[in-house]
Amino acid sequence: AACSSRVLRTCSARKSAAVPDHVAVAGAAAAALAALSAAGAAGRRARRGRPGPDCCGPVCRGSRSGVKMRCQGSAAEPPWIGGLADVAERYDAFLVDLWGVVHNGSVAFPWAIRALEELRARGKPVVFLSNSSRPRETNIAALARLSVARELYADLITSGDETLRALAGEPGPAAAALPAEVLRAETVLTLGNAADDEAYLARLAPRCRPAPASEAQLLLARGCSTLCDGKGAPRKATWEELEEAMAVAARRGVPMLVANPDAVRPDGADSPMPGKLASRYLQLGGPMPHYIGKPYRAIFEIAMERLGGAGVSAGARVCMVGDSAWYDVRGACAAGLDVVLLCSGIHYSALGVAQAPAAPARPKEERLQAFLGALAPEEQPTYVCSAFAWGDPCGAAATPAGGCSPEVISFGLACLDLVQRVGSYPEPDAKVRAEETQWLGGGNAANTACALSRLGSRTALVSKVGGDALGEVILEGLHVDGVDTRFVTRAASSTSAFTTVLVDGTGQTRTCINSPMTEELSAEEVQQLLPSRPDGTAEAGAGLLSAGVRLLHLDGRHPEGAVELAEAARERGGIRISMDVERKRPGLDRMLPLCDAIFCNSTFPQAWTGASGLPGALAAILDEFPRAAFVVATRGARGSLLLARESSEIDLGEGAVAAAEAPLTCCHGSFGKYRTIACDAWPLPAEASVRDSTGAGDVFIAGFLHAWLAGRPLSVALATGSFVAASKLQQLGARLGPGFDASGVPFGLGSGA
């Protein structure tokens, strides 16, 4: 089993060193062949998405930067650096990528902010260089919302903005890289992003006007969500509709200009990007697309000009910092620049580490070497680092309060689910063929942690898994979702927990058969995760309850350890405690009195209290546990019901959901001395259906907690949980998965870049 686990890790790294984060090890030792097959397919997908070897044109040997070109293909391995402090004095200025390096669209990474502050203090200008298809001003405003101060960088360049400038007739490297047929185009079919299409098109007018594929002289790819063809406002389009329009343009030989060369999302989510549209356009018979952005040479020439405008002299020493071997490393090397490749961005899954904003970590040595060994010569970085940080963010002493530390601790079960979807549940003594089989991550606390991380909350898991191959795969899955696993204990002699889940495609029901892990996480083991000063007080910035922790979430497992941690959280103060209760378990009578918020299904309240009716049973729970401010019961397709105490400190948000024009209703009322909110389930899109309800309650809780931590009223928290649960229902398994787009979360709680 251990050997199989090593094979899985090594093959995954070698076949998909540049694979986006949605490519993960797909199984345990029992599913080794399936996992290896998936890794092979992932490697093929990675190679298809990679820019071609001639993508950058002739190498610019430092004519602007004065930096000599490194020897490509050298056998020497790039050195590991702890942070920018190790190399900053060798350079005069830095080009820095944005997504996955400075922020993830939802939060700016504290270690990146400190690195920017240190570079500014030393007089080393920074220019952000992004493949965003949105204009420069939009990205500057997004950074301001994420509290990235304007004085921390000299300028910001986006491929989308430089595309606009070129099409508007402004001279410069971008325009010089494009043929006359592109620059002279007067009618343009734009494949848009559904965010700022109208404003973008307004900047093209009057030089260019929108037109359908049958008339357009240029196809502009800046997104994969809308068609902007002049027939009214930009309209939402499916992939099939985009293909249909591209096929018409391809038959006419219309040139394509790509305003964002990325083929995969910066966060690794499995959804199309403009670079993928370009590949498909070629397959449909269209001419070779033209690109503005990394790794192509023009964008680096623009960056060097902007550095010159910031006072950086010709011949200065410039270094690129990015998280993509495809785009950042390739482009920088072709421009004659040194480059730092970061591990916590788009390649995190291939490297086996958590994605930011989880705490940065150094990959295992064999994983790192396999990754570097699989890179093409033009993708070899000068240095490798865990994250865009000043000092070593992997060291304990480098963990700042509220920085690398998590804001949410999820405590409880982490396991592996063998999920099989069948047409209908088999009769006794019958055999059925599975329509779909997958090994997927599971466990209530782990599912909630993964969903919170996907939503942008820095989350750590406290759990116990076996020292077996299943344990390795469980940890891999948590890393893929960006969860901090520093506090997961390994039991060397135990087998990890796993669950067989049968999903009935006819009735949309599921049956779970659990094989639990016999060894619990003890109070003594939790104590070891809580470092103390000699005077016995909690050490700020270290251990489980560091200064950044705002919430502890329990799922009822490992009761002795849970009580130990919850009591320590109470002693520290400033930490909310929530709990997910499925059914009666040992230790609930000790855990529930410590909770500020209680979540349960619709059957537990009556089973626990003996009261009749769900509202009465929820009221009895609040009567029994006076510390809890509210209790929430999930009711499947009927939505959720919340009972809360009368308090000026509890914001129920009456009317808030309606004011946001959300497609569901929250009804406010009362039951005895308690206030109530009944919230509908979020409606599925017309073309969608329920695939699997496993884990829907876990991710509902994550959505609720995400909104609650953001200070939103309880009605908005219920609706947010409902939205996130609806997203999960559309896929197999208990987690949101890489296809979940956090930018679409309603009520202003999604990503904003």
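**Close-up views of a predicted model**

**View 1. Helix α15 passes helix α23 in a right-handed crossing.** In this predicted model, the axes of α15 (residues 444-455) and α23 (residues 696-709) come within 8 Å and cross at roughly 45°; because angles from 35 to 65 degrees fall outside the parallel and perpendicular classes, α15 and α23 are oblique to each other. On the α15 side the contact is made by Asn 444, Asn 447, Thr 448, Ala 451, Leu 452 and Leu 455, which meet Asp 698, Val 699, Ile 701, Ala 702, Gly 703, Leu 705 and His 706 of α23. The residues of this contact between α15 and α23 divide into seven nonpolar, five polar and one charged. An α-helix has 3.6 residues a turn, so residues three or four places apart point the same way.

**View 2. Helix α10 (residues 274-283) has buried residues that line one face of the helix.** The buried residues are Pro 274, Gly 275, Leu 277, Ala 278 and Tyr 281, and, seen down the axis of α10, they fall within an arc of 155°, so they line one face. These buried residues pack against the strands β4 (187-192), β6 (218-221), β9 (256-258) and β10 (290-291), and also against the helix α9 (239-251). Just after α10, Gly 285 takes a positive phi of about 100°.

**View 3. Asp 328 is a buried residue in helix α12 (residues 325-334).** Its relative accessible area is 1%, and because buried means under 20%, Asp 328 counts as buried. Residues up to four places away in sequence are not counted here, and Asp 328 then touches Asp 97, Lys 294, Phe 300, Met 320, Gly 322, Asp 323 and Val 339. One of these contacts, Lys 294, appears again in the next view, where the peptide bond from Lys 294 to Pro 295 is described.

**View 4. Cis peptide bonds join Ala 205 to Pro 206 and Lys 294 to Pro 295.** For the bond between Ala 205 and Pro 206, omega is about 0°, and Pro 206 lies in the loop between α8 (197-204) and β5 (209-210). For the bond from Lys 294 to Pro 295, omega is near 10°, and Pro 295 lies in the loop between β10 and α11 (297-309). The strand β10 also figures in the second view, as one of the elements against which the buried residues of α10 pack.

**View 5. Ser 147 and Asp 429 each take a positive phi, although neither is a glycine.** Phi of Ser 147 is near 65°; this residue is found in the loop between α4 (136-145) and β3 (155-158), and Ser 147 is exposed, with a relative accessible area of 59%. Phi of Asp 429 is near 70°; this residue is found in the loop between β15 (415-422) and β16 (436-442), and Asp 429 counts as exposed at 87% relative accessibility.

**View 6. The protein chain, shown whole for context, comes to 24 helices and 27 strands.** Buried residues make up 59% of the 753 residues in the chain. Among the contacts in the chain with a separation of 6 or more, 72% are accounted for by residues 24 or more positions apart.

Key
Residues are numbered from 1 along each chain as its sequence is written. This is a predicted model: local features need pLDDT of at least 70, side-chain atom pairs count only at pLDDT 80 or more; totals for chains, interfaces and linings use all residues. Side-chain values use heavy atoms; hydrogens and water are left out. Buried means under 20% relative accessible area, exposed over 50%, partly exposed in between (1.4 Å probe, protein chains only). Helices (H or I, at least four residues) and strands (E, at least two) are DSSP runs, numbered from the N terminus. The arc is that of the directions from the helix axis to the C-beta atoms. Contact means heavy atoms within 4.5 Å. Axes are lines fitted to C-alpha atoms, for helices over the stretch in contact, and angles run from 0 to 180 degrees between N-to-C directions. Angles under 35 degrees count as roughly parallel, over 145 as roughly antiparallel, 65 to 115 as roughly perpendicular and the rest as oblique. A crossing is left-handed if the near helix is turned anticlockwise from the far one by less than a right angle, and right-handed if clockwise. Ala, Val, Leu, Ile, Met, Phe, Trp, Tyr, Cys and Pro count as nonpolar, Asp, Glu, Lys and Arg as charged, and the others, Gly among them, as polar.
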